[in-house]
Amino acid sequence: MRVLVAEDERMLADSIAEGLRGEALAVDVAYDGDAALERLGVHDYDVLILDRDLPGVHGDDVCRAVVERGWLVRVLMLTAAGDVRSRVTGLSLGADDYLPKPFAFEELLARVHALGRRARPADPPMLERAGVRLDWAHRQVFRDGRYVPLARKEFGVLAELLRAQGAVVSAEHLLEKVWDEHVDPFTNTVRTTMMKLRKKLGGPQIIETVPGSGYRIP
């Protein structure tokens with residue numbers, strides 16, 4: 001899942017982003033409304049965590065733009081104003097959910113995951129293919145019953161491959177869904193991560209390279 005955090009309080013924004021990255025999510029950060037709209041126009045986000053009182057383009061106008069431009073991102077609006085009237089106004093602008101400040105990170109995370117499930121077809125609790133079983137709830141992977149410890153990006157790459165159900169997944173798609181905007185698309189990041197993932201999964205190899213197209217688990 002890829003998330004954009006649009007929040008002008010930099011310490012809060014960075015804290016949210018770091019916490020979400022710790023849950024194996026790809027996260028970008030924008031500190032004002034203009035930067036948020038710029039990133040939304042470039043990347044295919046699943047969830048937007050949107051502070052309502054953004055400088056530059058106001059958070060309300062960012063939310064309106066999401067609706068008007070037909071972007072499929074789900075919007076979780078954050079604001080210090082938590083009264084009923086403010087929540088109703090935020091939802092009427094097109095937000096999918098509303099969370100007043102201060103909030104518990106555990107609740108924010110649960111709401112992000114809930115919106116992420118609405119942004120794309122829901123995944124089953126377990127993804128299984130070719131003897132590999134990925135357990136979402138416990139963030140664990142098994143190969144023929146053997147536990148396979150994976151780093152966050154390796155877990156994310158494997159999840160995208162299993163989710164594709166045998167179809168080819170391009171390196172560009174993996175960069176979009178597993179990494180954030182700071183990754184250099186011209187590096188060997190995907191290839192290096194794929195090499196480590198294959199090594200940890202062990203033989204016989206189940207991840208195929210499709211020249212000029214990407215990767216798949218047939």
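Two strands count as paired if DSSP finds at least two bridges between them. On that basis, 5 strands of this predicted model form an open sheet with parallel pairing. The model also holds a nonpolar core of 25 residues, its largest, and a second, separate core of 22 residues.

**Parallel sheet**

- The strand order across the open sheet is β2-β1-β3-β4-β5.
- β2 (26-30) and β5 (97-100) are the edge strands, each pairing on one side only.
- From one strand to the next, the twist averages 20 degrees.
- Strand β1 (residues 2-6) is joined to β2 by 5 bridges, and the two run parallel.
- Val 3 has Val 27 of β2 standing opposite.
- Helix α1 (residues 10-21) lies across four strands, namely β1, β2, β3 (47-51) and β4 (74-79).
- The angle at which α1 runs to β2 is about 170 degrees.

**Hairpin of β6 and β7**

- Strand β6 (residues 126-129) runs antiparallel to β7, and 4 bridges join them.
- Arg 129 has Val 132 in β7 as its bridge partner.
- The hairpin has 2 residues between its strands, and Ala 130 takes a positive phi near 55 degrees.

**Nonpolar cores**

- In soluble globular proteins, nonpolar side chains tend to be buried together.
- Within the largest nonpolar core, the residues with the most contacts are Val 141, Leu 158, Leu 201 and Ile 207.
- At least two residues of this core come from each of β7 (132-135), α6 (152-163), α7 (171-178) and α8 (189-201).
- The element that gives the most to this core is α6, with 6 residues.
- Beyond its neighbours within four places in sequence, Ile 207 touches Leu 161, Met 194, Leu 197, Arg 198, Leu 201, Tyr 215, Arg 216 and Ile 217.
- Among the members of the second, separate core are Leu 40, Leu 48, Leu 54 and Val 66.

**Helix α7**

- Leu 174, Leu 175, Glu 176, Lys 177 and Val 178 are the buried residues of α7.
- Glu 176 and Lys 177 are counted as buried because their relative accessible area falls under 20%.
- The buried residues of α7 pack against the strands β1, β2 and β11 (214-216) and against the helices α6 and α8.
- α7 therefore has buried residues in contact, within 4.5 Å, with β1 and β2, two strands that pair in parallel.

Notes: Residues are numbered from 1 along each chain as its sequence is written. This is a predicted model: local features need pLDDT of at least 70, side-chain atom pairs count only at pLDDT 80 or more; totals for chains, interfaces and linings use all residues. Side-chain values use heavy atoms; hydrogens and water are left out. A nonpolar core is a set of buried Ala, Val, Leu, Ile, Met, Phe, Trp, Tyr and Cys residues joined through side-chain atoms within 4.5 Å. Buried means under 20% relative accessible area, exposed over 50%, partly exposed in between (1.4 Å probe, protein chains only). Axes are lines fitted to C-alpha atoms, for helices over the stretch in contact, and angles run from 0 to 180 degrees between N-to-C directions.
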